[in-house]
Amino acid sequence: MASLGRDGSVQISADGVVARAATDAEKLTARLDRLPMTRSLWMMAILLTLGGFFDSYAIGMIGALGPGLFKAKIFTPTTVSFFGMTGFASFVSSLFAGFLIAALFVSYVADRFGRRAIFAYALLWFGVANFMMGLQDTANGLNFWRFASAVGVGLELVTVDAYLSELVPKKSRGAAFALLQAMNALAFLTTYFLSWQLIPLNIWSYDGWSWVVWIGSVAAVVIWVIRLGIPESPRWLAQQGRIAEAETVMADIEARVQRDYGRALPEPEPPHYQAPGRGSVWELFGPQYLNRTIMLVLFNFFQTVGFYGFVAWTPTLLIAKGIHITQSLEYSTIINIAGVAFPLLVMTFADKIERKWHVCLSCFSIAVFGIWFASAESDLGLITLGACLAMATQWLSYGLHNYQSELYPTRIRARGVGFVYAWSRLSGILTPFFIAFFLRDFGTTGVFTFVAVCMGIVIVTVGVWGPRTNLKEVEAIAH
């Protein structure tokens, strides 16, 4: 039975059959989802993923800079006390503390003021704060500026996910997020390669680790200028009631795609109902979204252990296995080549497997390869199993970013992703101290046993309670 909606139209019935004329916003998003993924859309996606490159460059530094900071005697690999601030764990935790602030208290601005502006200015913030970090020579100074730069990176991470999920048509979202993950993995490889080459050096009286930091800062500003040409999300504009602006952006996108396509565009499918208004963060805890919010909170809290337990500690774990500092960076660089290649492979099957099974399979792989890595002794074994772990962690990251960005409606997407992502940031603050504790008292076997238990919790949580999202419109998933 149809009923009068808040926008004065007749509601779509519960079975999804259109029982009234669709609103302009609903028509616009249906037009976007029917577009073929042509060169123009891929170029927009690439520009968005370039932002992801420098987000991941910042994250990659938590592992890649470790040996250089040990060499400079600013940090120690383990901590004397559990929460010691002179240990490397405090440097890792300061990053996640900044992420937590961004996710909890800043991400709402992307829903309030739009994707495009926040997308650009967050990266500029990171570039300035990161430059200041490279000038520090004390643990407290490094931790403070690491925290400051992380606020910009954390806001950027949330915004990139929301932006990409809204701009890319439903049939190509998985492939686009796989491209984002490949760019992220390339950033990790870049930080390790630069650290391997520069950390042994002292250039103009500055240690090599500072130059690794500054290279990321300069490049971030350059990319910020390039990305000013990316349009605002038409989905977000339509949700805000700015229909004329949304129509202008949408018409431009359609014109570009049609030029690429060379023939008439496909007809839009019947649109899905979109609740009018800007939405409220309290919707996350209402009857419609509470179950998926709880599922994503648990997912985020425990997945961090698997991803950052290896990514952030790769050189340190290799040093604990008896590998020299410089050699550990060389091995880490080789290991991360596999991390770049795997997301490109994922692009070929990203939209053929249900999204939540990507998550579960990657967590299982991390648990198995992690335990195996802990028992490896030969250099070849460490590199081979390290490469397998690098691929598995990139797979998990792909699944996380793609999946959680699909589960909330446009009006609260950035706030929803920000809130659940905040739990991974809280976990990220605590995880380094647990990793340092297990590494000190139980070695690499203790570290990866801890990781495997956490991965098991993720598999059960997502496998049992996670909804299906593959090849669905984000508006349909929201209901």
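This is a short chat about one helix, the cysteines and the cavities of a predicted model.

Visitor: How far apart are the end C-alpha atoms of helix α6, and what span should that helix have?
Guide: Helix α6 runs over residues 115-133, and because each residue should add 1.5 Å, its 19 residues should span 27 Å; the end C-alpha atoms are 27 Å apart, which agrees.

Visitor: Which residues of α6 are buried?
Guide: Among them are Ile118, Phe119, Ala122, Leu123 and Phe126, and further along the helix Ala129, Asn130 and Met133 also belong to the buried set.

Visitor: Why might spacing matter in a helix?
Guide: An α-helix has 3.6 residues a turn, so residues three or four places apart point the same way.

Visitor: New topic: how many disulfides are in the whole structure?
Guide: A search of the whole structure finds zero, and for cysteine 360 the nearest cysteine sulfur, that of cysteine 363, is 6.8 Å away.

Visitor: Why is there no bond for cysteine 454?
Guide: The closest cysteine sulfur, in cysteine 363, is 10 Å away, which is too far for a bond, since a disulfide needs two cysteine sulfur atoms within 2.5 Å.

Visitor: Is cysteine 454 buried or exposed?
Guide: Cysteine 454 counts as buried at 5% relative accessibility, and cysteine 360 is buried as well, with a relative accessible area of 8%.

Visitor: And how many cavities of 30 Å³ or more are there?
Guide: The count comes to four, and the largest cavity holds about 130 Å³ of space.

Visitor: What lines the largest cavity?
Guide: It is lined by 15 residues, with Phe307, Tyr308, Ser397, His401 and Tyr421 the closest to its centre, and by class the lining has seven nonpolar, seven polar and one charged residues.

Conventions:
Residues numbered from 1 in each chain as written. Predicted model: local features only at pLDDT ≥ 70, side-chain atom pairs only at ≥ 80, totals over all residues. Heavy atoms only, no water. Helix = DSSP H or I, 4+ residues; strand = E, 2+ residues; numbered from the N terminus. Expected span 1.5 Å × (residues − 1). Buried < 20%, exposed > 50% of the residue type's maximum accessible area, 1.4 Å probe, protein only. 1 Å grid on protein atoms, 1.4 Å probe; cavity = no way out; pocket = protein on both sides within 12 Å on 5 of 7 lines; lining within 4 Å. Points joined across faces, edges and corners; volume = space filled by probe spheres on them. Nonpolar A, V, L, I, M, F, W, Y, C, P; charged D, E, K, R; others polar.
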